[in-house]
Every structure is written in C-alpha cells, then in structure tokens.
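Biologist: Please take a close look at the aromatic pairs of this protein and at the nonpolar core around them.

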Amino acid sequence: MQHPSSNTSSARNRIAFIQASWHKEIVDQCRISFTAEIVKLGFAESSIDFFELPGAFEIPLHAKLLAKTGKYAGIVAAGLVVDGGIYRHDFVAQAVITSLMNVQLETEVPVFSAVLTPHHFHSHGEHQQFFQEHFVVKGQEVARACADTVLKVARIEAGQGNVAVLNAA
C-alpha cells in the first residue's frame, strides 16, 4: 500500500495521532504499535504528528482543530477511559466517541478511535498487563484502518472514486 500523497494530488498528507495521558504507560503501547504498523503499510514515520493531551475528554476538540487545518489525511485518537467507581466514565466515553464521529462528518477528515472503555478495570498488575497487550493489538488495527481509509478517501478526492474496492460474489 502506498502513502496517498505519493499517488494523488490530495493536499492532506499527514496523520495526526492524539493520545490521552491518563494511564500513559498503557496508551503508549497503542502509539508505539500504531507507528510500527503504519510504517509497514508504507507511511513514513516523519509524516505522523503526535499530540498528548491530559485526558480523553480533550481529544475531540483537538481533533477538530487539527482537521480544520487541512493538513491531515487522517486523525487517530487513543485513550483509556476507566470506571473509577463513579458514573462519569460512561458520559466521558460516550461524549468522546460521539464527538469524534461528528468531527469526521463535519470536516470530512477520517477520524479513528482507539479510545477504549473497559467494563471493569483495576490498577493491579494483571489488568495493567492485559490492557498493555490489548493496546498493542488496537494500535495495529487502527493503523490498518487508517491506512486503508486514507488511501480510499484520497482516491475519491483525486476523482478515482469509481474504482471498485469490493467485489461482490
């Protein structure tokens, strides 16, 4: 897979990766894994801009501001919203995901979420290890989704939207 800027006239040729710093040691695994995977898919690591914010709640506004610059082909959000024994985590998670969807619909810049909300999370070693490993997988998955979508959007923007991308049997 080629980076879209190498085969289209799209002005957007960078990827933004935004991550929350709550549970940084866990969320970092997503960033590291995402970077390794997207490089394997043909994107230069130098084409990725990294942003760290205090928490997941701050991600949607930052994503929207970045999308509005016209500089990014895709924006990836990563965070861990945990149940700290209060109901607020449900509201935060719902607000973040809904807002990220709205950002991409309003700006026409693809936004990808690796913002996870585990049903039960405890800070002991077993959960720490499980979610660190899980974020490695999520980083790979979001990199593949990002690369594929960015390429397809670039084709549409270049007037090649009639190229078949799925063959129905």
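Modeller: The account below begins with the aromatic pairs and then turns to the nonpolar cores. This is a predicted model, in which local features need pLDDT of at least 70 and side-chain atom pairs count only at pLDDT 80 or more, while totals for chains, interfaces and linings use all residues. Residues are numbered from 1 along each chain as its sequence is written, and side-chain values use heavy atoms, with hydrogens and water left out.

Rings of Phe, Tyr and Trp (its six-membered ring) pair if their centres lie within 6.5 Å; planes under 30 degrees apart count as stacked, over 60 as edge-to-face and the rest as tilted. By this rule there are two aromatic pairs. In the tilted pair of F17 and F34, the centres are 5.1 Å apart and the planes meet at 40°. Here F17 belongs to strand β1 (residues 14–20) and F34 to helix α1 (residues 24–40), 17 residues apart; helices (H or I, at least four residues) and strands (E, at least two) are DSSP runs, numbered from the N terminus. F17 also forms a tilted pair with F50, at 6.1 Å centre to centre and 55° between the planes. F50 lies in strand β2 (residues 48–53), 33 residues from F17. Ring pairs thus link F17, F34 and F50 into a cluster.

Both F17 and F34 are buried, that is, under 20% relative accessible area, where exposed is over 50% and partly exposed in between (1.4 Å probe, protein chains only). F50 is partly exposed because its relative accessible area is 38%.

A nonpolar core is a set of buried Ala, Val, Leu, Ile, Met, Phe, Trp, Tyr and Cys residues joined through side-chain atoms within 4.5 Å. The largest has 23 residues, and F17 and F34 are among those that touch the most other members. Helix α4 (125–157) gives the most to this core, with six residues.
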